[in-house]
Amino acid sequence: MKHVLITGATSGIGKGLARYYANQGDTVTACGRNTEILSSLAQESGVKTKAFDLTKREEIERQFADLDELDLVILNAGGCEYIDNPNDFDGHLFERIMTINVISIGHCLDIILPKIKRGGQLCIISSSSSFLPLPRAEAYGASKSALSYLARTLSVTLKGVDVTVVHPGFVETPLTDKNDFPMPCIVSVEDAVGYISAGISKRKREIHFPRRFTLFLKLLRLLPFSLWLPLAKRIARG
Ligand SMILES: NC(=O)c1ccc[n+]([C@@H]2O[C@H](COP(=O)([O-])OP(=O)(O)OC[C@H]3O[C@@H](n4cnc5c(N)ncnc54)[C@H](OP(=O)(O)O)[C@@H]3O)[C@@H](O)[C@H]2O)c1
């Protein structure tokens with residue numbers, strides 16, 4: 001039986017992962033802000049819960065203080081907002097997204113890494129949007145690119161903990177429900193949980209799915225920027 005800590009466990013991918021590991025018989029500590037959802041998750045799946053805002057460092061310190069000997073930490077919580085008009089750049093939006101998607105991860109790492117068992121695992125949920133500069137993703141894509149860089153660097157430098165970075169394509173969750181554009185190859189939360197849990201159990205350094213989508217993006221990423229630019233401008237025009 002493992003002890004798994006998951007952030008962003010009140011919704012979408014994180015909630016699916018919390019249910020999956022609880023059903024496997026693992027001890028799950030599920031984090032989020034929504035106390036109602038956390039209590040129903042506790043009743044339904046027997047998970048332990050921690051309700052707090054990850055953008056507040058002192059909250060992270062307080063909530064993680066009693067944790068020890070973790071086998072797997074999944075840093076999944078995140079948010080997405082789009083920059084609709086980059087000529088009228090919204091610095092506050094940029095700060096909100098960087099704070100939850102990047103800065104909070106730094107504070108979590110500082111506090112949680114010493115609490116992961118030797119030989120344990122750290123999984124960071126980034127996004128395939130980090131592969132290419134995409135219209136409206138100036139904030140979200142930049143935050144996820146930073147996260148992927150961080151995770152990959154930790155894979156190289158961290159001793160005693162294996163790091164996995166996850167690059168999902170589109171997954172049907174409240175985060176994507178808001179999108180008003182076509183989402184090619186979108187997958188269900190159940191499928192996303194299947195891909196992520198299988199990759200974690202194999203200690204893969206990178207998990208990306210669905211491959212028909214992420215491999216295509218990885219291929220496009222090989223293009224020189226001068227060739228990608230006109231294509232991206234066409235996508236931006238719609
Ligand atoms: N869905 C996709 O297509 C997709 C694709 C690529 C990557 N991802 C990434 O996958 C992760 C999960 O996304 P999702 O689609 O499952 O999103 P979601 O359904 O919107 O869930 C986001 C989770 O993050 C938590 N969260 C957000 N801000 C928080 C804060 N300040 N403090 C504490 N918790 C906070 C939310 O908790 P509360 O609501 O309780 O505050 C919620 O549990 C994100 O990092 C996202 O960027 C998603």
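These are my notebook entries on a predicted model, taken one topic at a time.

**Entry 1: the ligand**

I started with the residues around the ligand. There are 30 of them, and the closest are Thr10, Ser11, Arg33, Tyr140 and Thr173. Sorted by class, this shell holds 13 nonpolar, 14 polar and three charged residues.

Next I looked up which helices take part. Helices α1 (12-23), α5 (140-157) and α6 (174-177) each give at least two residues to the shell. The largest share comes from α6, with three residues.

Then I listed some polar contacts. The side chain of Asp53 has an N or O atom 2.9 Å from a nitrogen atom of the ligand. At Val171 a polar backbone atom is 2.7 Å from a ligand oxygen. At Gly78 a backbone N or O atom lies 3.5 Å from an oxygen atom of the ligand. I also noted how much of the ligand is covered: alone it exposes 890 Å², and the protein buries 91% of that.

**Entry 2: salt bridges**

I reminded myself of the general point that side chains of opposite charge can pair when their charged atoms come close. The count for this model is 15 salt bridges. I looked at three of them.

The side chains of Arg57 and Glu61 form a salt bridge, at 2.8 Å from N to O. How far apart are Arg57 and Glu61 in helix α3? They are four residues apart, so about one helical turn separates them. Arg57 is partly exposed, with a relative accessible area of 26%. Glu61 is also partly exposed, at 38%.

Arg203 pairs with Asp162, and their closest N and O atoms are 2.8 Å apart. This pair links distant parts of the chain, since Arg203 sits in the loop between α7 and β7 while Asp162 is in strand β6, 41 residues apart. Arg203 is partly exposed at 37% relative accessible area. Asp162 is partly exposed too, at 23% relative accessibility. I checked this last value against the limit for buried, which is under 20%.

Asp162 also has a salt bridge with Arg205, at 3.2 Å from N to O. Here again distant parts of the chain are linked: Asp162 is in strand β6, Arg205 is in the loop between α7 and β7, and their positions lie 43 residues apart in the count along the chain. Arg205 is partly exposed, with 39% relative accessibility. I then noted a network in which salt bridges with shared partners join Arg57, Glu61 and Asp110.

**Entry 3: backbone angles**

For background I wrote down that most residues other than glycine have a negative phi, and that most peptide bonds are trans. I then looked up residues that depart from this.

Which residue has a phi near 55°? Glu69 does, and this is a positive value in a residue other than glycine. Glu69 lies in the loop between α3 (57-64) and β4 (70-75). Its relative accessible area is 47%, so it counts as partly exposed.

Cys185 is not a glycine either, yet its phi is positive, at about 60°. Cys185 is in the loop between α6 and α7 (189-201). It is partly exposed, at 28% relative accessibility.

The peptide bond from Phe209 to Pro210 is cis, with omega near -15°. Pro210 lies in the loop between β7 (206-209) and α8.

**Entry 4: the surface**

I looked for a nonpolar patch on the surface and found one formed by Leu223, Leu227 and Leu231. Together these residues have about 230 Å² of accessible area. Where does Leu223 lie? Leu223 is in the loop between α8 (211-221) and α9 (225-237). It is partly exposed, with a relative accessible area of 30%.

My last residue was Lys159, in the loop between α5 and β6 (161-168). Is Lys159 buried or exposed? Lys159 counts as exposed because its relative accessibility is 73%, and the cut-off for exposed is over 50%. I also looked up its distance to Arg118: the C-alpha atoms of the two residues are separated by 8.5 Å, and the residues are 41 apart along the chain.

Methods:
Residues numbered from 1 in each chain as written. Predicted model: local features only at pLDDT ≥ 70, side-chain atom pairs only at ≥ 80, totals over all residues. Heavy atoms only, no water. Patch = residues over 30% accessible without salt bridge, like charges linked within 9 Å, V, L, I, M, F, W, Y side chains within 5 Å. Areas by Shrake-Rupley, 256 points an atom, 1.4 Å probe, with all protein chains shown as cover. Salt bridge = Lys/Arg side-chain N within 4 Å of Asp/Glu carboxyl O. Buried < 20%, exposed > 50% of the residue type's maximum accessible area, 1.4 Å probe, protein only. Near = heavy atom within 4 Å. Polar contact = N/O pair within 3.5 Å; in protein donor to acceptor, adjacent residues only side chain to side chain. Nonpolar A, V, L, I, M, F, W, Y, C, P; charged D, E, K, R; others polar.
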